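Q: I would like a close look at one position in this model, followed by an account of the parts of the structure that can be described in detail. Please keep it plain.

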Amino acid sequence: MNGNKRNTVLFVDDEEINLFLFEKTFEKDFPVITASSGIEALEKIEEYKSSIKVVISDMRMPLMNGLELIQKIKNGFPEIRSFILTGYGYNPELESALDEKLIDRLFHKPFEPEKIKEAVYSN
Amino acid sequence: MEVKPTRRDKDQQRFYLLLMISAYASTLGFSCFYYIAGATHISEKGIIVFLLFVIYGVSSFFTQQLLLLFRLSIVTAFTAFFIQVFYTGGGLSPAMAEFVIPPLLAFFYRPIRDRYIFMVLSALALVIMWPLTSYGFTENTLLPGFEVAHGLLATLFVFIIVAVFTFLFRETLAKKNKMLNESMRDLKSTTKKLIQAEKMASLGVMSAGVAHEINNPLNFIKGGVGMLSKDLKKSDENAQFIMAIEEGVNRASEIVSSLGHFSRNSESMEEECDLHQIIDNCLVMLQHKLKYKVEVIKKYTSSKHLRVIGNEGKLHQAILNIISNAEQAITTKGTITIETKAKLSFLRLTITDTGEGISEENLSKISDPFFTTKPSGEGTGLGLAISFGIIQDHGGKISVTSKPSEGTRFNVLFKLSDRFK
C-alpha cells in the first residue's frame, strides 16, 4: 500500500458489525476511526481534528442522519471530504445532496472495498 | 368574458331553431287557412303573431337570453291558441287540443318549474273556455262548410307537433343517457387506474424499506466473507465455499438493487434513464418466471450514451409489463428477443416473443384499459394500457404486430436525449 497514510478515515454507522467489518477491511490501507452515532462522530472530529481527511457515514441513524452530520462537519471543517455509504437503493435526498456537492461520493451497501479505497486515495 | 357553449347550450339552440321553424310554418299556414275560411279576425292576429315570432327569431342572434325567448315564444303561442279557439267556437272548437302544446314545449328547457306553470295555464284556459262558451262570449267566425277542414287541420297540427317534439325529447334523453354512461365508464377506469397507481406507490415504499433493511445484513456477509477469503489460497477447498457465498451475496444484492428502481417514487420526468440498464433490471425481476421456460436473447446496440429523458421508475414499469406479457404468451418453451438499435436521435427497441400471438381482432384492443384475455381474477387488463400510457408520456411511439401461434413483436421508438447525441 502506497503513501497516503495520512488520509485517516472516520467511519460512522449505528451498526456495530458494520463498524467492525469496515475497520478490519481497511486496516491495512488507511487508519480508520469509528463512531456509532452522529454525536460520537462530532466528538471524534474534535479529538482528532487535522488528521481526519475523509468522513464516510451511514445515512439512516437515530437522532442525526448522515446528511445532517455531514452538514455539521462541513460547517466547521470544509476541507474534510465526505462520502455516504447507504443501504438505500435510491433516495432523492441523497441524489440532491450529491448534485449540490454536499457529499462527494455515494456508495451503496454491500460495498466494494476497492471502490472505497480508490475514492479515499484520490484527492 | 367569453362563454364557451356547452353541450346543453347547443341542444337548446337546436331546439329553439326547430321551435321557430314550426312557429313560422304554423302561423303562416293557419293565417292562410283562416283568411280563406273567412275568419279574418284570426288571420289578422295570426300575421301579428308571425311577426312577433320573426322578432324572437332575429333577436336570438343578438342575445344570450335564450330562456327569456323560450318563455316569450311559449306565452305567444299560448295566446295565439287562445285567440284561435275563442273565435272558432270556444269549447266546441277542435283547436281546444292545442292547449296540450305549451307545457310540452316547456319540457325542453330549464327551469323545470316552467313545465308546471304552463300545465296550470293550459288547464285554466280549458276550464275558463266553458263559461265563456256557455254564456255566448265566444263565436265561430268560420264560414259554413269549413268546420270539417278546420277540425282536420287543427287535429293534424296537434298530432304533428306532439309527434315531432316527443321524438326530440326521446332523442335528447338517449343522448343524456349515453353521456352518463360514458362518464360512468371514465370514472370506473380512472378509479381503477388510481387504485393501481396507489398500489404501485405503496409497493414502492415497502420495497424501498425492505431493500434498505436487507442491504445491511448483505453488507455483513459480503464484508465478513471478504475478510475470510483474504487468507485462503485458490486451491483451498474452502475457497470454493467462499466463492459460492460471494456469488450468492452478489446475486441477492443485484435483485435488491433492481427492486429499488421500481420503487423510485419521484414524479420527475427529467431523469436520465439508461435503457439497457432498465431492461436488465426487468429481466432480473422476472428471472424466476423466465428461468426454465424462456431463452432471452439480447441484441443490444453498441452505441454508447443511450439515454432517454424521463422517469426511470415508470420506464421500468412500462418495460416490465411488456416483457411480462411476452413471458405469459409463451405457454411451454420459447424465446424472447430484445433488440435495441440507435439511429440518428432515435432508439428503437423491439421485444419479440415466440408465444401464442394475438388475434387480429384483439390486437387493436390491447392498449384499452381492462382488456384482457386472461381468465377473470388473473389479469387486470391494465398492464399494457399502463405501458402504452407511460411510453406516450415519454414522447415515444409503440406499435404491435402479431401472428397467432407465431408470436408478437412490440416496437418502441424513443427519442434519445439531446444532451447525449
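In which helix of chain B does Asn216(B) lie?

A: Asn216(B) lies in helix H6 of chain B. The model is a predicted one, and the description below should be read as that of a prediction. Asn216(B) has a relative accessibility of 6%. The cut-off for buried is under 20%, so Asn216(B) counts as buried. Leaving out residues up to four places away in sequence, Asn216(B) touches three residues of chain A, namely Glu15(A), Asn18(A) and Lys109(A).

Helix H6 of chain B covers residues 147-230, and Phe169(B) is found in it as well. Phe169(B) has a relative accessible area of 30% and is therefore partly exposed, whereas Asn216(B) is buried. Apart from neighbours within four places in sequence, Phe169(B) is in contact with Phe107(B) and Phe108(B). Phe108(B) is 61 residues from Phe169(B) in sequence, while the C-alpha atoms of the two are 7.3 Å apart. For H6 of chain B, then, there are two reference points: Asn216(B) with contacts in chain A, and Phe169(B) with contacts in chain B.

As to confidence, the mean pLDDT of chain B is 86, and 94% of the residues score at least 70. By element, the highest mean in chain B is that of helix H5 (residues 113-134), at 94, and the lowest is that of helix H7 (residues 237-262), at 81.

The domain assignment divides chain B into domain 1 (7-143) and domain 2 (271-420). Taken over C-alpha atoms, the centres of these two domains are separated by 67 Å.

Next comes a sheet of chain B. It is an open sheet of 5 strands with mixed pairing, in the order E2-E4-E5-E7-E6. The edges are taken by strand E2 (294-299) and strand E6 (397-403) of chain B; each has a single partner strand, so one side of each has no neighbour in the sheet. From one strand to the next, the twist averages 15°. Helix H8 (residues 275-285) of chain B packs on this sheet and touches E2, E4, E5 and E7 of chain B. The direction of H8 makes about 170° with that of E4(B).

Strand E5 (residues 346-353) of chain B has 6 of its 8 residues buried, so this strand is largely enclosed by the rest of the structure. On one side, E5(B) pairs with strand E4 (residues 334-343) of chain B in the antiparallel sense over 8 bridges. One of the residue pairs is Lys341(B) with Arg348(B) in E5(B). E4(B) and E5(B) make a hairpin that has 2 residues between the strands, and Leu344(B) in the turn has a positive phi of about 50°.

E5(B) also pairs with strand E7 (residues 407-415) of chain B, again antiparallel and over 8 bridges. Several bridge partners can be listed here. Ile351(B) is matched with Phe410(B) in E7(B), Thr352(B) with Arg409(B), and Asp353(B) with Thr408(B).

E7(B) in turn pairs with the edge strand E6(B), in the antiparallel sense over 7 bridges. Within this pairing, Lys397(B) stands opposite Leu413(B) in E7(B). The hairpin of E6(B) and E7(B) has 3 residues between the strands, and Ser405(B) there takes a positive phi near 65°.

Chain A, which supplies the contacts of Asn216(B), has a helix that can be described in similar detail. Helix H2 of chain A covers residues 38-48, and its residues Gly38(A), Ala41(A), Lys44(A) and Ile45(A) are buried. Down the axis of H2(A), the buried residues fall within an arc of 115°, so they line one face of the helix. An α-helix has 3.6 residues a turn, so residues three or four places apart point the same way. The cover over the buried residues of H2(A) includes strand E1 (8-12), strand E2 (32-35), strand E3 (52-57) and helix H3 (66-76) of chain A. After H2(A) comes Lys49(A), which has a positive phi near 35°.

Conventions
Residues are numbered from 1 along each chain as its sequence is written. Chains are lettered from A and ligands numbered from 1 in the order in which they are written. This is a predicted model: local features need pLDDT of at least 70, side-chain atom pairs count only at pLDDT 80 or more; totals for chains, interfaces and linings use all residues. Side-chain values use heavy atoms; hydrogens and water are left out. Helices (H or I, at least four residues) and strands (E, at least two) are DSSP runs, numbered from the N terminus. Buried means under 20% relative accessible area, exposed over 50%, partly exposed in between (1.4 Å probe, protein chains only). Contact means heavy atoms within 4.5 Å. pLDDT is the predictor's confidence in each residue, from 0 to 100. Two strands pair if DSSP finds at least two bridges between them. The arc is that of the directions from the helix axis to the C-beta atoms. Domain bounds come from an automatic or database domain assignment. Axes are lines fitted to C-alpha atoms, for helices over the stretch in contact, and angles run from 0 to 180 degrees between N-to-C directions.
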